[in-house]
Amino acid sequence: MTASIDSETLKQYLADDPPSIVNLAIKPHFEALSDKEKFYAHHLSVACFTGSRIVLRQVSPESEPIYDFIVALHEHIAGDYAKAAKDAGISQDDVDAYLNYAAQFLGNMGNYKSFGDSKFVPRIEPSKLKALAQLSSATQRLYEQFENAIYAGNDIAKLHLGYPSAGHVSTYYPESPDITKEDISGVSDFLEGKRLLPENTRIRQTKEGFEVLIASATKHPWAAERDLEESEWTLPDGKKVKLVFGDHNKEMNFIASHIGEAKLYAANDTQVKMTEEYAKSFLTGSLEAYKESQRQWIKDKGPAVESDIGFVETYRDPHGIRGEWEGFVAMVNKERTEAFSKLVEAAPKLIPLLPWKAEFEKDTFLSPDFTSLEVLTFAGSGIPAGINIPNYDDIRQNIGFKNVSLGNVLSAKAPNEKVPFIKDKDVDVYQKYRDPAFEVQVGLHELLGHGCGKLLQETAPGEYNFDIKNPPISPISGKPITTYYKPGQTWGSVFGPLAASYEECRAECVAMALGCDFSILQLFGFGDGKEDINGEPGDVLYSAYLQMARAGIAALEFWDPKSRKWGQAHSQARFTILRTFLNAGVEFCELEWKDDDLSDLTIRLERDRILDLGRSAVEEYLQKLHIYKSTADYDAGKKMYEELSNVEPFYENKVRPAVLQNKQPRKVFVQANTVIENDKVVLKEYEPSAAGMIQSYVEREWL
């Protein structure tokens, strides 16, 4: 059954008018590189962007032809949209509506928001878009492939990414409208038992059973090159499971060849080994080779050109285990990195301040590389402010990980940005300190949030990484723990679709708790390390708490009342933290309004109660998040997290409409290209406009 969509609901799905288009400024950092480093950056950048077509395929069936249409139309009209309007017999407003959609589409690399996983549809009327399409036979042909899919249709479930069996869209399960959640679990669990990693796979249902599509340049890798020698099995219910190599084979081949080119300009042996393992993985589909590339990547400390590439984050697979393509190339900002380096040095002293004992912490903190980067290229569906990877637990626990803060993403500002829900008396402090507060938050979140904690495991039958005869005492129950990870289980496989949001929440809470430590604020250049809630360090801390509370309110944009599900991992996390602030009592935090429609909604947060009421509420919540994760206690973790995530009638019917009235467009970034001219690599930048954004993609002709 499909539900028709009323015009009021449809408004939420219209493309931003206009989107907030900003440049990813990089020139001085790129120009500071040597010629050799520029060539290394160039080839990796091409490899990253080549995967953009894979991202399109991972978003929706119509995304790839829409992309091709945007590029083909721009080429046909040579970027002259005023003339295109005239030739097509449509108005400038119509063309602007098309351009706004195109910019948002390219900024999200698909027609679903990278932050929120909901579809956005053009404001240009179908007949006017058709008129544009008729300007050339190429655009007409492409238009026919998506004309019925680019708009909202009448099935609201299809406006959200999710399990196909729930009526949602997911191209991680292509051409499989009837595949059930149980089918996906069955195949995924079977392959987990075989120790085949899932990040570079998709699953297609067939008459006989299921094909597991593996991203690789070659369609027939030798058995010795594969992670499993076998490639076909029959499940107990008689259904067949078959590995099919060569998914995205054209792109994977081109990516591997440019990684091979980058290897010629590697700065050291570690980069050579890393690029070799990348190439091996992308050619053969081996994720064991990919894991080896990540081990080498972690060893490559503080390079001039930093880069990682592959199927990384699993947020958008409804099952939470298959990775979206992403790749970045960036330059180190030495000055900002210094503050983060001090945080890394202080980490072993800071972790014991967290609300659990040493048994629930890694035996030794593996000091990671933490750098502030200026991004040249970020290919994927969206650009985060910070990254902590790799996501493989065994590598993280035994070798380590890297943290990066993306400086030019953090500092990018759109003109005239509004800040709803902040009281007038707080606006000046908030505006002045939100960037430094966010930088501290990102640093603590990525380094200590994602970086802390031990998973209690039976690592092999009868072998444990804790004392099974005298198990650790849970600080929640006061009794010995009874749950832990069994052989072959990972954090992601036990917590499933809940894992991504839950872990983001745990990391955010670590940052909110440790952000109250004035010695940490001193590392970032605020104060002398002594408690000073009313001075500048207090301004940073207050801004951080206001920012989190505000993010918790704004998060409701990404909760869908029809499916009653959260479309974005970080948003769900921030909503639960807002609820935690409010649960600390009106002496600490309260939502305030006078108008019935909550159009004047603001946050009252008592600055002088952050250190007692705020911190203790966050730490109590954090302790539970951490212990349930550490001990594989999925049932208790799920119950607590879903209770706090539950959007009660007040939030659904009162707060959410006020949020939608005040919602601000998310930034989309226009990125530079690198090109080889006269044996030199040069940077080419573009206008921060829709046409500039489209031109930057048109000039990536290999895409």
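In this predicted model, the side chain of Glu504 reaches the side chain of Tyr315 in a polar contact of 2.8 Å. That makes Glu504 a good place to start. The residue sits in helix H19, which covers residues 499–514. Glu504 counts as buried because its relative accessibility is 5%, under the 20% cut-off. Apart from its neighbours within four places in sequence, Glu504 is in contact with Tyr315, His445, His450, His570 and Ala573.

Two of those partners come up again in the annotation. An unreviewed UniProt entry lists His445, His450 and Glu504 under "binding site". These residues are spread over 60 residues of sequence, yet they cluster in space, with a largest C-alpha distance of 8.4 Å. Look next at His445, which is found in helix H17 (residues 424–449). His445 is buried too, with a relative accessible area of 6%. With neighbours within four places in sequence left aside, its contacts are His450, Glu504, Ala507, Glu508 and Ala511.

From here, let us turn to the nonpolar interior. In soluble globular proteins, nonpolar side chains tend to be buried together. Here the largest nonpolar core has 109 residues, and Tyr98 and Phe282 have the most contacts inside it. Helix H7 (residues 92–108) gives the most to this core, contributing nine residues. A second core, separate from that one, has 95 residues, including Phe340, Leu350, Leu444 and Tyr641. To get a feel for the surroundings of Phe282, follow its contacts beyond four places in sequence: among them are Met252, Ile255, Ile259, Tyr290, Ile309 and Trp325.

Now for the sheet. Five strands form an open sheet in the order S6-S7-S8-S10-S9, and the pairing is mixed. At the edges, each pairing on one side only, are strand S6 (305–311) and strand S9 (386–389). Neighbouring strands of the sheet are turned against each other by 35° on average, direction ignored. Within the sheet, strand S7 (residues 325–332) and strand S8 (residues 369–379) run antiparallel and are joined by six bridges. One pair to pick out is Gly327, whose bridge partner in S8 is Ala379.

Helices pack on this sheet as well. Helix H4 (residues 52–59) touches S6, S7 and S8, and its direction makes about 140° with that of S7. Helix H14 (residues 334–350) also packs on the sheet, touching S7, S8 and strand S10 (402–406). The direction of H14 makes about 135° with that of S8.

How values were computed:
Residues are numbered from 1 along each chain as its sequence is written. This is a predicted model: local features need pLDDT of at least 70, side-chain atom pairs count only at pLDDT 80 or more; totals for chains, interfaces and linings use all residues. Side-chain values use heavy atoms; hydrogens and water are left out. UniProt positions are given in the numbering used here, feature names are shortened, and annotations may be inferred rather than shown by experiment. Helices (H or I, at least four residues) and strands (E, at least two) are DSSP runs, numbered from the N terminus. Buried means under 20% relative accessible area, exposed over 50%, partly exposed in between (1.4 Å probe, protein chains only). Contact means heavy atoms within 4.5 Å. A polar contact is a pair of N or O atoms within 3.5 Å; within protein, one must be able to donate a hydrogen and the other to accept it, and residues adjacent in sequence count only if both atoms are side-chain atoms. A nonpolar core is a set of buried Ala, Val, Leu, Ile, Met, Phe, Trp, Tyr and Cys residues joined through side-chain atoms within 4.5 Å. Two strands pair if DSSP finds at least two bridges between them. Axes are lines fitted to C-alpha atoms, for helices over the stretch in contact, and angles run from 0 to 180 degrees between N-to-C directions.
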